[in-house]
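Here are a few exercises to work through with the model open beside you. Try each task yourself before reading the solution.

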Amino acid sequence: MPPESRTFIEEARRAQIIDCAIEVLATQGYAHATMARIAARARVSAGVISYHFGGKQQLIEAVVEKVAGLATDLMVPRILAQPTATEGLRVYIEGNLEFMRLHREPLLALVEIITHAVSEGGGPGPYAAQAETAITDLMKLLDWGQRTGEFRDFDQRAMAIAIRGAIDAVPARLLAAHPTGDPTGDPTGGPTGGPGFDLDALAREYVTLFTLATTGRNPS
């Protein structure tokens, strides 16, 4: 059903089911996030989920969209408020890592989807389109810096892939270091995360690394 055709009640029910799907994915894993378990958590029948989403594939895609929206809502206003592309890139990196700190359950759900979900018919997985969107959106930020002369000449897509690769490597390490707790609570990281695995310190290193990579200069 197109969004413009849904009633307020239908939108609220969809939002409830998506939130319950995130909770089940985060706590029980993708393999156990069945329609029946999600329906039980939402206190509806599996048929209600099918009515609103069509099937599990469509529900998983809605979860990806919801988590991506949380990240966008956090970061975009901050990036747009920056006077320079260099500051925009700093906020982009810091915002991505802050999202991981603030939204642990959606992050867990997304990691489960990226790691385990496959598309119907063997095509790209449910996160593939969003991953490409993340690259192209970041390229716009890099283009801003090149147009103003802040950033050196480089291939925008290659640089965007490098930045996203560094950011996307964090969740698995973070969740391993803090499997059940708040990542802000133990700066030592834990045995798997490694000593000193600290999001704030990591953000500072990433900002320095990619400021050097894009401008050739240390951040001031």
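A pocket here is an open set of grid points with protein on both sides within 12 Å along at least five of seven lines, and its volume is the space filled by probe spheres set on the points. Keep in mind that the model is predicted.

**Exercise 1. Describe the largest pocket: its volume, its lining and the helices that build it.**

Step 1. Start with the volume: the largest pocket holds about 850 Å³ of space.

Step 2. Now find its centre. Of the 33 lining residues, those nearest the centre are Met75, Tyr92, Asn96, Ala134 and Arg164.

Step 3. Assign the lining to helices. At least two residues each come from α4 (56–80), α5 (85–102), α6 (104–116), α7 (128–148), α8 (156–168) and α9 (170–177). The largest share belongs to α4, which provides ten residues.

Step 4. Sort the lining by class: 23 residues are nonpolar, six are polar and four are charged.

**Exercise 2. Do the same for the second largest pocket.**

Step 1. The second largest pocket contains about 270 Å³ of space.

Step 2. Its lining is made of 13 residues, with Arg6, Arg14, Ile18, Ala62 and Glu65 closest to the centre.

Step 3. Helices α1 (8–28), α3 and α4 each contribute at least two lining residues. Here too α4 gives the most, with five residues.

Step 4. By class, this lining has five nonpolar, two polar and six charged residues.

**Exercise 3. Work out how α5 is oriented against α7, and which residues make the contact.**

Step 1. Recall what is needed: two packed helices are described by the angle between their axes and the distance between the axes.

Step 2. Read off both values: the axes of α5 and α7 are 8 Å apart, at an angle of about 150°.

Step 3. Apply the cut-off. Angles over 145 degrees count as roughly antiparallel, so α5 is roughly antiparallel to α7.

Step 4. List the contact. Helix α5 brings Ala85, Gly88, Leu89 and Tyr92, while α7 brings Ala134, Leu138, Leu141, Trp144 and Gly145. Seven of these contact residues are nonpolar, two are polar and none is charged.

**Exercise 4. Repeat the analysis for α2 and α3.**

Step 1. Helix α2 spans residues 35–42 and helix α3 residues 46–53; their axes come within 8 Å and cross at roughly 100°.

Step 2. Because angles of 65 to 115 degrees count as roughly perpendicular, α2 is roughly perpendicular to α3.

Step 3. The contact involves Met35, Ile38 and Ala39 from α2, together with Ala46, Ile49 and Ser50 from α3. By class, that gives five nonpolar residues, one polar and no charged.

**Exercise 5. Locate the salt bridge of Arg90 and explain the spacing of its two partners along the helix.**

Step 1. The whole structure has ten salt bridges. In one of them, Arg90 pairs with Glu94, with 2.8 Å between the closest N and O atoms.

Step 2. Arg90 and Glu94 are four residues apart in helix α5, so about one helical turn separates them.

Conventions:
Residues are numbered from 1 along each chain as its sequence is written. This is a predicted model: local features need pLDDT of at least 70, side-chain atom pairs count only at pLDDT 80 or more; totals for chains, interfaces and linings use all residues. Side-chain values use heavy atoms; hydrogens and water are left out. Axes are lines fitted to C-alpha atoms, for helices over the stretch in contact, and angles run from 0 to 180 degrees between N-to-C directions. Angles under 35 degrees count as roughly parallel, over 145 as roughly antiparallel, 65 to 115 as roughly perpendicular and the rest as oblique. Contact means heavy atoms within 4.5 Å. Ala, Val, Leu, Ile, Met, Phe, Trp, Tyr, Cys and Pro count as nonpolar, Asp, Glu, Lys and Arg as charged, and the others, Gly among them, as polar. On a 1 Å grid over the protein atoms alone, a cavity is a set of points where a 1.4 Å probe fits but cannot get out, and a pocket is an open set with protein on both sides within 12 Å along at least five of seven lines; lining residues have an atom within 4 Å of a point. A salt bridge is a side-chain nitrogen of Lys or Arg within 4 Å of a carboxyl oxygen of Asp or Glu.
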